[in-house]
Amino acid sequence: MPLTENSTRHLFFTGKGGVGKTSMACATAVQLAHSGKRVLLVSTDPASNLDEVLGCRLGHTPTPVDGVDGLDGINIDPQIAAAEYRERMVQPYRGVLPDAAVRSMEEQFSGSCTVEIAAFDEFAKLLGDDTATSDYDHVVFDTAPTGHTLRLLTLPSAWSGFMESSTTGASCLGPLAGLQAQQAIYKKTVEALGDGDQTTLVLVTRPETSAFAEAARSSDELRQLGVLNQRLIVNGVFTASDEGDRVAAAMQKRGDDALEQMPSNLAELPRLSVALSPSGVMGIDRLRQVGRADHEGSGADAGSPLEVSLSSTELPGDLSDLIDGIADKGRGVVLAMGKGGVGKTTVASAVAVALARRGFDVHLSTTDPAAHVAATLASESLERLTVDRIDPAAEVEAYRAEVLATAGDDLDENGRALLEEDLRSPCTEEIAVFRAFAQSVAAGTDRFVVLDTAPTGHTILLLDSAMAYHREVSRQGSEVPESVQQLLPRLRDPDFTQVLIVTLPEATPVHEAAKLQEDLIRAEIQPTAWVINQSIAPLETTDPALQRRQSHEQAYIDEVKALSGGSVALVPWQLEPPTGVDALSKLGQRHHAPLQSRS
């Protein structure tokens, strides 16, 4: 199944973070354009890396991609979209309403809800408004990691339903009149998503058990939304050149085992396997080759055995050194942050297990909508370690009940009905999840709280929600909890909060993590250290493809050492999957000799 075979007009690429969605979306767009089609490539990811993969600078409007006739690209920027959306909503009232009323509207349109609906509005326009994309034969969407994408795809129905049931004409976004003008587009968006002749959903995954599990869940949830035309790309399939090589054999076995146990709903989908690329897929020439029968990534990239010289690179310290420093604090919050798919959950779980085994009370939780903390721990328990996740549905119900019991208690029947309607807005979920995040951080005052956070872009939006939360809660008549009032001071206190930036030794994860570090510093939150996960560098192997990958990692290990100021730990790729308490404990142990001793 070539990437471009029987392509519908709309193509969505989604999947777990780090599986290669952007590479596959870019490769498909480049190959469609190469065949003579006019193609628009769109990123809906708040942390888009289209620019890096394509090797050119894109903007918020269609921008020609250098070196590819017929291909334009867009990065939907949530902040720019929000500013444009705000102006479109407020402008009709300038000179009509008093200045104070206009300023109040501008204030109301400055929250995270506006950012989300504005980004969604841009997305809906590209899918539901044929005139917006009439110049193109195909529109290819590179989406954010799965959980965020599922929310994006449910919004057409959620907002359409809310607008149809609203009797007040008001929402957390202000007057609904402006939104109702978009309702026809939202309905066409829903129809387009469910029309298999128009839309194909491409699930991208690695040959890994956890990635398959998430892809299977996504497939089912998307079917329930009516998105039935689905395909599967298994990206990064590795074949060992020498079965006697312990590392290479283990890597192939892990992939083969996962493929054999692939969930049945994925196994029945049309499938394309793409071989592992030892040096990443970057640039137009490489994108043109992806998925072709004569291009077997590992083989083509491997070439002749490589003369590997790693002696110039001194490996960073172990995760155990980093955990020693965290344990010295005695209590507080540990945040594992970074791009999707870099192993935040694994690192967070390993830190939590290590702290619990050192005798501390530890609570491990997650803000990731597609959480798999329980699977990482293999549902095993450990004394002093408690585990849960922030469940958006449960948090919304708890928040609604609390607001109705407080702000709604003194209202008459009509007032209470208006409040209940307001609380059915899709934006309520953002507020409820944010409140739960603040409560989790507050719990770090008398124990360790380790938080596995959602992929970078979503996490930044969460942190940016602080001021918006104050405004929104005030509007709904509820009180701002102490946990929210103290959230930013606690996150900014290096004696209370330890921020670990997790990355892989590859270009995009490192560069995206560098942007995250800049955002955190701007928010006056100082990262504690970086963690380089799943490194091949410290392993003994003679496989040509893996040796090339070791060589490829050198530059990024050095880059992280510079970015972190030397505060960095390295976790090697594991021969066995790091799931379960014992396997996670090994990550927190000393595991490799300094590289120069092997050279």
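This passage describes the overall make-up of a predicted protein model, its seven-stranded sheet and selected packing contacts.

The model is predicted, and local features were accepted at pLDDT of at least 70, side-chain atom pairs at pLDDT 80 or more, while totals for chains, interfaces and linings use all residues. Residues are numbered from 1 along each chain as its sequence is written, and side-chain values rest on heavy atoms, with hydrogens and water left out.

The protein chain contains 26 helices and 17 strands; these are DSSP runs numbered from the N terminus, helices being H or I with at least four residues and strands E with at least two. Of the 599 residues in the protein chain, 57% are buried, where buried denotes under 20% relative accessible area, exposed over 50%, and partly exposed in between (1.4 Å probe, protein chains only). The accessible surface comes to about 24000 Å², and carbon and sulfur atoms account for 48% of this area; such areas were computed by the Shrake-Rupley method with a 1.4 Å probe, and for residues only the protein chains shown count as cover. Contacts are defined by heavy atoms within 4.5 Å. Among contacts in the protein chain between residues at least 6 apart in sequence, 78% link residues at least 24 apart.

An open sheet is formed by seven strands in the order β13-β12-β14-β11-β15-β16-β17, with parallel pairing; two strands pair if DSSP finds at least two bridges between them. The edge strands, each paired on one side only, are β13 (385–387) and β17 (568–572). From one strand to the next, the twist averages 20 degrees. Within the sheet, β12 (residues 362–366) and β14 (residues 448–452) pair in the parallel sense over five bridges, and His 363 has Val 449 of β14 as its bridge partner.

Two helices accompany the sheet. Helix α14 (residues 319–327) packs on it, touching β11 (332–337), β14, β15 (497–503), β16 (529–535) and β17, and its direction makes about 130 degrees with that of β17. Angles run from 0 to 180 degrees between N-to-C directions, and axes are lines fitted to C-alpha atoms, for helices over the stretch in contact. Helix α15 (residues 344–357) lies across β11, β12, β13, β14, β15 and β16, at about 165 degrees to β14.

Although β17 is an edge strand, five of its five residues are buried, so this strand is largely enclosed by the rest of the structure. Val 568, Leu 570 and Pro 572 are buried on one side, and Ala 569 and Val 571 on the other. Strands β16 and β17 run parallel and are joined by four bridges; Ser 535 has Pro 572 of β17 as its bridge partner.

Most residues other than glycine have a negative phi. Gln 534, in strand β16, has a positive phi near 55 degrees and is partly exposed, with a relative accessible area of 34%. Arg 384 has a positive phi near 80 degrees. Arg 384 is located in the loop between α16 (373–376) and β13 and is partly exposed at 42% relative accessibility.

Helices α24 (residues 507–522) and α25 (residues 544–563) have axes that come within 10 Å and cross at roughly 10 degrees. The two helices are therefore roughly parallel to each other; this term covers angles under 35 degrees, with those over 145 counted as roughly antiparallel, 65 to 115 as roughly perpendicular and the rest as oblique. Ala 507, Val 510, His 511, Ala 514 and Gln 517 of α24 meet Tyr 556, Glu 559, Val 560 and Leu 563 of α25. These residues comprise six nonpolar, two polar and one charged, with Ala, Val, Leu, Ile, Met, Phe, Trp, Tyr, Cys and Pro taken as nonpolar, Asp, Glu, Lys and Arg as charged, and the others, Gly among them, as polar.
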